[in-house]
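Dear colleague,

Here is the structure I promised to pass on to you, together with my notes. Please have it open while you read.

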Amino acid sequence: MTTSYRLSRRTLLRATAAAGGAALLSSCARGSGEAVDLAYWNFFGGSDGKLMVELVNRFRAEAPNVRVIDTTLMWGPPYYTKLAMACAGGRAPDLATMHGSRLSTFGRDLLDEWDLDELAARGVSLDEFPQPVLDRVLVDGRLMALPLDTHPLVLYYNTDICEKAGLLAPDGTLAPIHGAEQMLDAGRRAAEVTGAIGIALGSLHEAHIWMPFWSAYRQLGGQMRLPDGGPAEVDRDAMVGAMTFLRDLCDGTICSPSLDGQSSPAAFASQQAGFLFVGPWEVTSARTAGIPFSMTQFPALFGDTPYVRADSHSFVLPAQAQVDPAARSAAYDMAVSMLRNSLAWAAGGGHIPALSAVADSPEYLAEKPVSNYREAAQVVEFDPEAYFSGSGSTLMARAGQSLQGVTGRSLTPEQGADDLIGWLDDQLTLGNPL
């Protein structure tokens with residue numbers, strides 16, 4: 001009997017690299033007691049980058065025999081393309097950062113599985129992570145990414161503006177907002193106070209506009225399956241409903257349809273808006289501005305459950321042609337170290353710690369306003385699974401065009417939905433290139 005199989009491009013690359021790597025390692029095996037080199041890739045710049053450097057330096061202090069070579073690459077498609085090629089070629093770093101939403105591309109054979117016994121030996125078990133996040137990083141029951149955090153869309157609010165607009169509860173926090181109409185009304189009232197706009201939203205930024213869209217879509221009960229070959233399985237009514245909300249939001253008073261990813265947080269920081277829709281990482285710019293503000297969980301605009309678009313910065317073990325056991329062990333040590341020291345990551349960057357030992361600690365709970373929305377980790381909604389989906393993906397970029405057409409009123413919500421669905425169908429016919 002003859003067995004035939006298809007040799008994929010990535011399998012061929014890895015096999016070739018494995019042969020070369022094995023020959024190289026056979027001639028330069030490391031003796032016991034020598035320092036271990038550990039290559040680590042990440043994509044954190046700006047304020048997050050400084051926090052990540054602090055985490056890496058904490059590990060360096062804990063493990064002086066490990067020489068960490070940390071490399072920060074440009075965020076987005078450049079990072080993921082370079083990492084995928086490195087994995088496929090068998091010359092990937094020992095440890096890397098990845099969004100949980102990108103596992104659809106990387107999870108099946110570009111990464112190595114995390115060994116639960118190795119994690120347990122370092123005091124970490126799966127029941128210490130939020131179940132919705134854990135569900136996304138398990139691929140066929142295997143742990144393919146180790147979550148560091150959850151970073152959902154959150155609601156920032158200026159306490160002075162909201163007080164003048166009569167939007168605060170007696171305890172000084174934002175009065176609960178139930179439903180889309182209440183959110184729109186709160187935006188109008190805040191705009192009356194600012195004399196500019198009520199809500200700052202980067203509608204011209206693909207990620208910023210995608211987050212409220214996907215949250216509203218899921219709150220409306222929308223499901224999306226993107227099978228290879230297509231067609232896309234989409235709830236058009238929910239898509240039209242979510243786009244209608246965004247169109248009503250971006251009426252020029254509640255929200256401007258012409259803010260981008262930089263001008264939106266700047267409008268909030270300069271008190272030209274009472275609210276800001278964006279991820280928790282902009283807590284740094286709000287603090288730097290010195291304005292009176294707080295943060296809370298993104299509300300339920302439709303239905304009773306505040307499902308919210310989120311992602312998780314996670315650690316992965318990129319596939320290598322030849323794994324160095326000492327470097328692999330050090331990768332486990334470093335990842336666990338960063339999880340256990342993630343209080344500074346959460347307090348400074350606004351991210352919800354993934355590890356319950358940190359997320360439930362009195363120190364984190366005392367961190368305000370960033371611990372106000374910690375319950376969002378239980379209602380997170382990751383992007384639909386597809387090779388072109390996830391943070392910094394083609395889907396996010398292309399969906400942004402449809403959504404901007406709606407918020408800019410060149411498309412009706414119905415036309416916007418059909419435009420996006422048509423693109424999804426076309427994209428799926430192209431087939432997965434990996």
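The notes below go from the chain as a whole to its strands and then to its aromatic rings.

Please keep in mind throughout that this is a predicted model. The chain contains 18 helices and 18 strands. Its radius of gyration is 23 Å, close to the 22 Å that the globule rule gives for 434 residues, so the chain is as compact as a globular protein of that length. The C-alpha trace spans about 75 × 50 × 35 Å along its principal axes. Of the 434 residues, 54% are buried, while the surface that the chain exposes comes to about 17800 Å², with carbon and sulfur atoms supplying 51% of that area. Among contacts with a separation of 6 or more, 78% are between residues 24 or more positions apart.

Strand 16 (residues 313-318) is a good place to begin with the details. Six of its six residues are buried, so the strand is largely enclosed by the rest of the structure. In a regular strand, side chains alternate between the two faces of the sheet. In strand 16, His313, Phe315 and Leu317 point one way, whereas Ser314, Val316 and Pro318 point the other way, and all are buried.

Which strands are joined to strand 16 by bridges? Strand 3 (residues 95-99) runs antiparallel to strand 16 and is joined to it by four bridges, with methionine 98 having serine 314 as its bridge partner. Strand 4 (residues 111-112) is likewise antiparallel to strand 16, with two bridges between them, and here aspartate 112 has leucine 317 as its bridge partner. Strand 7 (residues 146-147) is also joined to strand 16 by two bridges in an antiparallel arrangement, and in this case leucine 146 stands opposite phenylalanine 315.

An open sheet is formed by four strands in the order 17-8-15-18, with mixed pairing. Strand 17 (352-353) and strand 18 (380-381) stand at its edges with a single partner strand each, so one side of each is left without a neighbour in the sheet. Within this sheet, strand 8 (residues 149-152) and strand 15 (residues 308-311) run antiparallel and are joined by two bridges, and histidine 151 stands opposite aspartate 311.

Turning to the aromatic rings, the count comes to 18 aromatic pairs. One of them is formed by phenylalanine 44 and tryptophan 345, which meet edge-to-face, at 4.9 Å centre to centre and with 75 degrees between the planes. This pair links distant parts of the chain, since phenylalanine 44 lies in the loop between strand 1 (36-42) and helix 2 (46-62), while tryptophan 345 belongs to helix 14 (residues 343-349), 301 residues apart. Phenylalanine 44 is buried, with a relative accessible area of 5%, and tryptophan 345 is buried as well, with a relative accessible area of 1%.

Another edge-to-face pair is that of tyrosine 79 and tyrosine 80, with 5.3 Å centre to centre and 85 degrees between the planes. Tyrosine 79 and tyrosine 80 are both buried. The charged end of arginine 102 sits over the ring of tyrosine 80, at 4.3 Å from the ring centre. Ring pairs also join the residues named in these two pairs into a cluster, made up of Phe43, Phe44, Trp75, Tyr79, Tyr80, Phe106 and Trp345.

With best wishes

Conventions: Residues are numbered from 1 along each chain as its sequence is written. This is a predicted model: local features need pLDDT of at least 70, side-chain atom pairs count only at pLDDT 80 or more; totals for chains, interfaces and linings use all residues. Side-chain values use heavy atoms; hydrogens and water are left out. Rings of Phe, Tyr and Trp (its six-membered ring) pair if their centres lie within 6.5 Å; planes under 30 degrees apart count as stacked, over 60 as edge-to-face and the rest as tilted. Buried means under 20% relative accessible area, exposed over 50%, partly exposed in between (1.4 Å probe, protein chains only). A charge sits over a ring if NZ of Lys or CZ of Arg is within 6 Å of the ring centre and within 35 degrees of the ring normal. The radius of gyration is taken over C-alpha atoms; the globule rule is 2.2 Å times the number of residues to the power 0.38. Contact means heavy atoms within 4.5 Å. Accessible areas come from the Shrake-Rupley method with a 1.4 Å probe; for residues, only the protein chains shown count as cover. Two strands pair if DSSP finds at least two bridges between them.
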